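Please consider the following structure with attention to its strand pairing and to its charged side chains. The explanation below proceeds from the strands to the salt bridges.

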Amino acid sequence: MISILRTLPTTRSLLPRASSSITKFMDSSSNASSIGGSQRLFALAQHLRQYKAPSFPEDIVEQSIEEIGGKVVSQVGFQESAIPIGQNPEKFRPKKAAVLICLFEGDDGDLRVILTKRSSKLSTHSGEVALPGGKTEEGDKDDGDTAKREAKEEIGLDPELVNVVTVLEPFLSKHLLRVVPVIGILHDKKAFKPVLNPAEVEAVFDAPLEMFLKDENRRQDEREWMGEKYLLHFFDYDIGHKKYIIWGLTAGILIRAASVVYQRQPAFVEQNPKFKLPQDVSKDTTIP
C-alpha cells in the first residue's frame, strides 16, 4: 500500500514457553463455541488475547511534549525513541485510523487474511492492495469499532461475524497517519457475502498469512529518508487468474501480524531504521 516510516520492534513473546508452537495451539481441543465451532480458531483467539501492545494514551503524549520541549515519545511504533517535531509541537498531531487483519481458516487448514484492491478512481493509493479500514470517526468506541465499521462500508463484512482478539502497535503511514492494526477472527467464512463499495474497492481476495514470513515471491526496494536507509517489501501474489502486489504499509503490517501469530521472525531482513521527522511537520509532509 504505502511506505511505512518504521515498522515495529522485535517480536515479543505471545505464548508461554511450553506452548510457543503455532501448531500446538492450533491443534487445541478447547471449547470453540464462540468461534463458530472451530477448535483451532478458538485456541488461536485465546492466545492472541494474551498479546498486549504498548499503549500510548493521548495524555502521555501531550505530557511528553511539554516535558521534553518539542519532542514526543512516539505512539506509532517507535518504542524508546524521541522524535524531533520542530518548534511548534502542536503541528504534529497525527490523524488516527485502524485497519482490520481479518483471519479465517482456509479449506486446507491454513490461516488466511482478507485483503482488498482499492478503486482505481480514488485520489490516493488507487489500485493498490490494502487491508479493510480507514480513519477514525466520531462515535467509534475504539480501534476495533473503527476497523469493523470501515470493513462493513468497504466490503459488506458484518461486524457480528468478526471477533476482535487484539491490536498491534500503531504504524505511521506515508502521510503521517497513525494506523492501528486490529486482529479479528472471522468465525463463519461462509456467512461472509462480500458486497463491494465500488467507490472504494475494486476487488476482495484472501492470502495465506504465513507468506509474509517467507522469502518467496518477495522483492525489496531501498529508500532513504533524512539520511536513513530502509527497505520497502513487495510480495507478488497470484490467485485464480489475477495477480496482486502487496507492499509498503500493508506488507509491513502483515509481516508484523504474522510474526506475532507464528512466533517467529521473517526469513528476510526487514531493515527498519529509526527515522526522524523533519523540523517543520505539516499536513503536506510525506515519507518517500
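Leu103 stands opposite Val113, a residue of strand β4. The model in which this pairing appears is a predicted one. Strands β3 and β4 run antiparallel and are joined by 3 bridges. They form a hairpin with 5 residues between the strands, and in this hairpin Gly109 adopts a positive phi near 90 degrees.

Strand β4, which spans residues 111–118, is a suitable element from which to survey the surrounding strands. Is it mostly covered or mostly exposed? The strand is mostly covered, since 7 of its 8 residues are buried. Besides its pairing with β3, β4 pairs with strand β10 (residues 201–208) in the antiparallel sense, over 7 bridges. A further antiparallel pairing, of 2 bridges, connects β4 to strand β5 (residues 129–130). Thr116 takes part in both of these arrangements: it stands opposite Val204 in β10, and its bridge partner in β5 is Ala130.

The second theme is charge. Side chains of opposite charge can pair when their charged atoms come close. The structure holds 15 salt bridges, and several of them are described here in turn.

One of them leads back to strand β3. Arg40 forms a salt bridge with Glu105, with the closest N and O atoms 2.8 Å apart. This pair links distant parts of the chain, for Arg40 lies in helix α2 (residues 39–48) and Glu105 in strand β3 (residues 96–105), 65 residues apart. Arg40 has a relative accessibility of 27% and therefore counts as partly exposed. Glu105, at 25%, also lies above the 20% limit for burial, so Glu105 counts as partly exposed.

Another salt bridge joins Glu169 and Arg256, where the closest N and O atoms are 3.1 Å apart. Distant parts of the chain are again connected: Glu169 sits in the loop between β7 (162–167) and β8 (171–172), whereas Arg256 belongs to helix α5 (residues 248–262), and 87 residues separate the two. Why does Glu169 count as buried? The reason is its relative accessibility of 1%, because buried means under 20%. Arg256 is likewise buried, with a relative accessible area of 5%.

Lys229 and Glu222 supply a further case, their side chains meeting in a salt bridge with an N to O distance of 4.0 Å. Lys229 is partly exposed, with a relative accessible area of 42%, and Glu222 is partly exposed at 46%. Elsewhere, salt bridges that share partners join Glu137, Asp140, Arg149, Glu150 and Glu153 into one network.

Within that network, Glu150 merits a closer description. Glu150 lies in helix α4, which covers residues 143–155. What is the relative accessible area of Glu150? The value is 7%, and Glu150 is therefore buried. Its side chain is joined to that of Arg149 by a polar contact of 3.1 Å. When residues up to four places away in sequence are not counted, Glu150 touches Gly133, Gly134, Lys135, Glu137 and Glu200. Glu137 thus appears among the residues touched by Glu150 and also as a member of the salt-bridge network.

Note on methods. Residues numbered from 1 in each chain as written. Predicted model: local features only at pLDDT ≥ 70, side-chain atom pairs only at ≥ 80, totals over all residues. Heavy atoms only, no water. Helix = DSSP H or I, 4+ residues; strand = E, 2+ residues; numbered from the N terminus. Buried < 20%, exposed > 50% of the residue type's maximum accessible area, 1.4 Å probe, protein only. Polar contact = N/O pair within 3.5 Å; in protein donor to acceptor, adjacent residues only side chain to side chain. Contact = heavy atoms within 4.5 Å. Pairing = 2+ DSSP bridges.
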